[in-house]
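Biologist: I should like to learn how to read the features of a structural model. Might we begin with the packing of helices?

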Amino acid sequence: MNLPDGWDAEELARAKRLAVQVRASVSDDAQIFAARAPGRVNLIGEHTDYSGLPVLPVAIDRSTIVVAAANTTREIEVSNVDPAWPSRRFAIERQIPPYATGDWANYVKAAIQGVIDHFAARQLRGMSIVVGSTVPPASGLSSSSALTVSTAISFMAINGLELEPIETATMVARSERYVGTHGGGMDQAVSILGRRDHALFIEFDPLRVRAIKMPANAALVVADSQEVADKSGKVRAEYNRRVVECSLAARILGRALDLDGVKILGDVVRALPNLSAANLVEKLAGASPQRLDPDLKEAANVLGVSQMKLDAELLGHDSTRIELDPNRPLEILKRARHVLTETERVIRAAGVLEAGRLDEMGKLMNASHASLAQDFQCSTHRLDALVESARRGGALGARLTGAGFGGSIVALCDAPNAGAVIESIDRGYYEKFTPGASPENLRAVLHAGPGASVIDLSVNA
Ligand code: NG1
């Protein structure tokens, strides 16, 4: 069978099944498009993207497919083959009001709103879509971005709109903030720009990528802790709090180092490339208490700005305003230490991966996990146990992947050893933490796959 570029046989078959459902609700001659967008696993560079600092993920061989046909109603009609996600219908308007927090279709709205904002002057056609995904939800593999990306590119196809992939990635990264997470652009970038058998070294502001071939003897074991990292509730608050903490650390460092206009840690690193993470952490420690009150009063004093201005700049307004827990101080030093040392690890990791030095890559991944657990405080008891069980099975390195607070881990292994690592995870983790569940669907060797693409199903029928 002739497969369209970037699609495998299972995906094409899945798209055709979804198309049957879409055809039932549109006219016989309607053009049908199918978009696929992969999830991702991040090898290293965690919680660095929203500071504008580099990451090193791979697009994985698990994808979300959206099959779309134009309708005549100027509405978006959405259904999902998984009954856990109820059907939705909403009008295309200049400002689409979001559903209640946590509604899955807010990711669809985010994508549509992003395209509307980007192509402001256009009259856009509505569409009916059916979604079918093999990216497990809430497990740190970015099912959300796979949905946002596949929706955005199918909506563009329906409306005859085109962008360079790098521009699409920038557009979608911005648009996903619609759901209220103040994320960076890693997930959308790798979902769109991913390359088969390659990891992507991604830099931001402006977005650019370098593909790094995965060494042939490397295997990636990805295991789901089954601890739900629900990005719509508590985890979102934790995530957004860290965005604020990192931005505060950046502003304080900027002031201490006489730099103008610093908003994120990347601004500092780019302005002073010769200062090491250790140097910068030392400067920060000299310029600010390690922790600051969440009402931002003390922070405003340290920065010499008004509390109101700082509040507006850091927390925003309206539906995407960040609410800080008034009873917990903001951690400044620890968070910055993680982000700055992680940046050094990512840059080294790109080099050692390219050179095929897997042992060193594994050590960097272990150091990343330790820093995420101790300084960024986004690991959990269960993620630590899962990482440990992978290491005991002989993984060269293992770490939580994605935002943390639950979700998945990634373990780097010598390919012949992947089976032993999986066995150790089954015995050391799943038997204890998910007794009775069969672990077959919870862990796998995943491969670096191609980025998103859209096809005309009438041509590929
Ligand atoms: P996940 O694992 O999908 O929640 C989130 C952010 C990323 C990045 C990582 C942490 C979104 C869509 N994704 O990923 O941008 O910041 O956390 O490295 O917000």
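Biologist: What is the handedness of the crossing of α12 and α13?

Modeller: This is a predicted model, and in it α12 and α13 cross in a left-handed manner. In general, a pair of packed helices is described by the angle between their axes and the distance between the axes. Here, the axes of helix α12 (residues 358–374) and helix α13 (residues 381–392) come within 12 Å and cross at roughly 165°. Angles over 145 degrees count as roughly antiparallel, and α12 is therefore roughly antiparallel to α13.

Biologist: At what angle do the axes of helix α3 and α4 cross?

Modeller: The axes of α3 (residues 143–158) and α4 cross at roughly 120°, and they come within 10 Å. That angle makes α3 oblique to α4. The crossing in which α3 passes α4 is right-handed.

Biologist: Let us turn to pockets. How much space lies in the second largest pocket?

Modeller: The general idea is that rolling a probe the size of a water molecule over the atoms shows where empty space is left. In this model, the second largest pocket holds about 650 Å³ of space. Its lining comprises 30 residues, and Y50, R177, H182, G183 and I264 are those nearest the centre of the pocket.

Biologist: Which helix gives the most to the lining of the second largest pocket?

Modeller: That helix is α6, with 5 residues. At least two residues of the lining come from each of α4 (165–175), α6 (234–256) and α10 (307–315). By character, the lining residues of this pocket comprise 14 nonpolar, 9 polar and 7 charged.

Biologist: How should the strands be read? What is the order of the open sheet of 4 strands?

Modeller: The order is β11-β12-β8-β13, and the pairing is antiparallel. The edges are taken by β11 (397–401) and β13 (443–446), each with a single partner strand, so one side of each has no neighbour in the sheet. From one strand to the next, the twist averages 25°. Within this sheet, strand β8 (residues 218–224) and strand β12 (residues 408–414) run antiparallel and are joined by 7 bridges. V222 has V410 in β12 as its bridge partner.

Biologist: How many bridges join strand β6 to strand β7?

Modeller: There are 6 bridges between β6 (residues 198–203) and β7 (residues 208–213), and these strands run antiparallel. E203 stands opposite R208 in β7. The hairpin of β6 and β7 has 4 residues between the strands, and D205 there takes a positive phi near 55°.

Definitions and conventions:
Residues numbered from 1 in each chain as written. Predicted model: local features only at pLDDT ≥ 70, side-chain atom pairs only at ≥ 80, totals over all residues. Heavy atoms only, no water. 1 Å grid on protein atoms, 1.4 Å probe; cavity = no way out; pocket = protein on both sides within 12 Å on 5 of 7 lines; lining within 4 Å. Points joined across faces, edges and corners; volume = space filled by probe spheres on them. Nonpolar A, V, L, I, M, F, W, Y, C, P; charged D, E, K, R; others polar. Pairing = 2+ DSSP bridges. Axes fitted to C-alpha atoms, helices over the stretch in contact; angles between N-to-C directions. Parallel < 35°, antiparallel > 145°, perpendicular 65-115°, else oblique. Left-handed = near helix turned anticlockwise from the far one by under 90°.
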